[in-house]
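Work through the exercises below with the structure open beside you. Try each task before reading its solution.

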Amino acid sequence: MKTTINEVNKFVGQDVTIGAWVANKRSSGKIAFLQLRDGTGFIQGVVVKTDVPEEVFQKAKSLTQETSIYVTGTVQEDSRSSFGYELLVKDVEVIHEAHDFPITPKEHGTEFLMDHRHLWLRSRRQHAVMKIRNEIIRATYEFFNDNGFTKIDPPILTGSAPEGTTELFHTKYFDEDAYLSQSGQLYMEASAMALGKVFSFGPTFRAEKSKTRRHLIEFWMIEPEMAFYQHEDSLKVQEEYVAHIVQSVLKNCKLELERLGRDTSKLEQVKAPFPRIEYDDALKLLHEKGFNDIEWGDDFGAPHETAIAESFDKPVFITNYPTSLKPFYMQPHPERPEVVLCADLIAPEGYGEIIGGSERIYDYELMKKRIEEHGLGIDAYQWYLELSQYGAVPHSGFGLGLERTVAWISGVEHVRETIPFPRLLNRLYP
Ligand code: 4AD
Ligand code: MG
């Protein structure tokens, strides 16, 4: 019977054939242990010299790392491994012999691994991170579909810049200028006026010269937008959504979290509601903690966000930032025009901002004024302005950065490991 590693539980005591790669191997005179992987999972194959023809034992002993094989054997329960099963090997057929696979089980430097990302992806650790990323995506679709949202795909090539003009990737669009999307938000706002509650999931691009463990040049964003939702309504969606993805990973990626050595006790606590702290109070908290370099009107950097997050055991919303720090489209606070109705969601354990969101301006005159104040060409925003001319309504939305969320939930230090082929400052290869 041909099967895959993730399905061997259905064949205990039976013989199966699996297409696999040899991730690692140990052998003595009498027994060989093959660490096998097939993409769906990892299993140990045991080859006992006295149980198989001599030729099979010799072949198994000489298998090199990453050689591809068809392996046939009996599925056995194995209480010592966390996977729970092993394969008592009866036969091995080599498909393609690999020589000198560059990524050996010993330690390698980061640059070396990044240069070999196309091969590094095969490692157990990277496999676990990609599975967790996939589970977050699956749970995202589940959450929004179950809550009445429609998936909408905004364009990647655009003529407008929702998050400011300094970080745009410029390209030619025949004779016109075009930019790679920084955020689908403006298109999602138009879509919310057509479909009520919408969400997008797609790549976004920022020509940011930042070299930190939280910044990618190309990253994936989930952007929900909701008509008739005010700021607080949006915060409720955010906390329920984030709790849902964390609880889904805890439930469906146990092996992966264990393989990564993730302390899951902190994740277990991630349930709605999340605490909220106003920018002004966050600033006071920072002053109490000895950050005297920062004053009202300054943006919070990574050390500030980490210090604020340490005061809470769940993700925390920092709300009502100064207007001057935020993009043009955010709705002013009704009693305090110097701040906007917005929130950044800060993940625990130093992972920083994972969501940025706000209520949106829907007054035509104010929107027009803001676009002008921000020096954005009114022509490119004409269509967006028209949204506040025809049945404008209060609405809110947010963007969750997938890679920062994967880093946090997986407990990996740097976002470069949370996307299959990271685009970083000075890295476009492979
Ligand atoms: O806070 P940002 O810039 O918000 C927006 O783009 C809004 N238009 C979203 C919306 O309201 N629809 O980005 C949202 C999130 C951040 O909180 C962060 O998680 C992630 O996107 N992000 C990045 N992730 C990796 N690398 C970068 N360079 C990122 N920039 C933002
Ligand atoms: Mg932000």
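**Exercise 1. Domains**

Which domains does the domain assignment of the chain give? Then state how far apart their centres are.

Solution. The model is a predicted one. Step 1: the assignment lists domain 1 as residues 2-96 and domain 2 as residues 117-417. Step 2: taken over C-alpha atoms, the centres of domain 1 and domain 2 are separated by 44 Å.

**Exercise 2. Two helices that cross**

Describe how helix H4 and helix H6 are arranged, and name the residues that make their contact.

Solution. Step 1: locate H4 at residues 124-146 and H6 at residues 231-252. Step 2: their axes come within 9 Å and cross at roughly 130°. Step 3: angles of 115 to 145 degrees fall in the oblique class, so H4 is oblique to H6. Step 4: the crossing of H4 and H6 is right-handed. Step 5: H4 contributes Ile-132, Glu-135, Ile-136, Ala-139, Thr-140 and Phe-143 to the contact. From H6 come Tyr-241, His-244, Ile-245, Ser-248, Val-249 and Asn-252. Step 6: sorted by class, the residues of this contact are 7 nonpolar, 4 polar and 1 charged.

**Exercise 3. The shell around ligand 1**

Which residues come nearest to ligand 1, and which elements each supply at least two residues of the shell?

Solution. Step 1: there are 23 residues around ligand 1, and Ser-183, Gln-185, Gly-356, Gly-399 and Gly-401 come nearest. Step 2: the elements that each supply at least two residues are strand E12 (218-227), strand E16 (352-359), strand E17 (395-401) and helix H13 (402-410). Step 3: E16 gives the most, with 5 residues. Step 4: the shell divides by class into 8 nonpolar, 8 polar and 7 charged residues.

**Exercise 4. Backbone details**

Where do the cis peptide bonds to Pro-273 and Pro-430 lie, and what is the phi of Asp-100?

Solution. Step 1: the peptide bond from Ala-272 to Pro-273 is cis, with omega near 0°. Pro-273 sits in the loop between helix H8 (265-268) and strand E13 (276-278). Step 2: Tyr-429 and Pro-430 are also joined by a cis peptide bond, with omega about -5°. Pro-430 belongs to the segment after H13. Step 3: Asp-100 is not a glycine, yet its phi is positive, at about 55°. Asp-100 is in the loop between strand E6 (85-96) and helix H2 (110-115).

Methods: Residues numbered from 1 in each chain as written. Chains lettered and ligands numbered in written order. Predicted model: local features only at pLDDT ≥ 70, side-chain atom pairs only at ≥ 80, totals over all residues. Axes fitted to C-alpha atoms, helices over the stretch in contact; angles between N-to-C directions. Helix = DSSP H or I, 4+ residues; strand = E, 2+ residues; numbered from the N terminus. Parallel < 35°, antiparallel > 145°, perpendicular 65-115°, else oblique. Left-handed = near helix turned anticlockwise from the far one by under 90°. Contact = placed C-beta atoms within 7 Å. Nonpolar A, V, L, I, M, F, W, Y, C, P; charged D, E, K, R; others polar. Domains from an automatic or database assignment. Near = placed C-beta within 6 Å.
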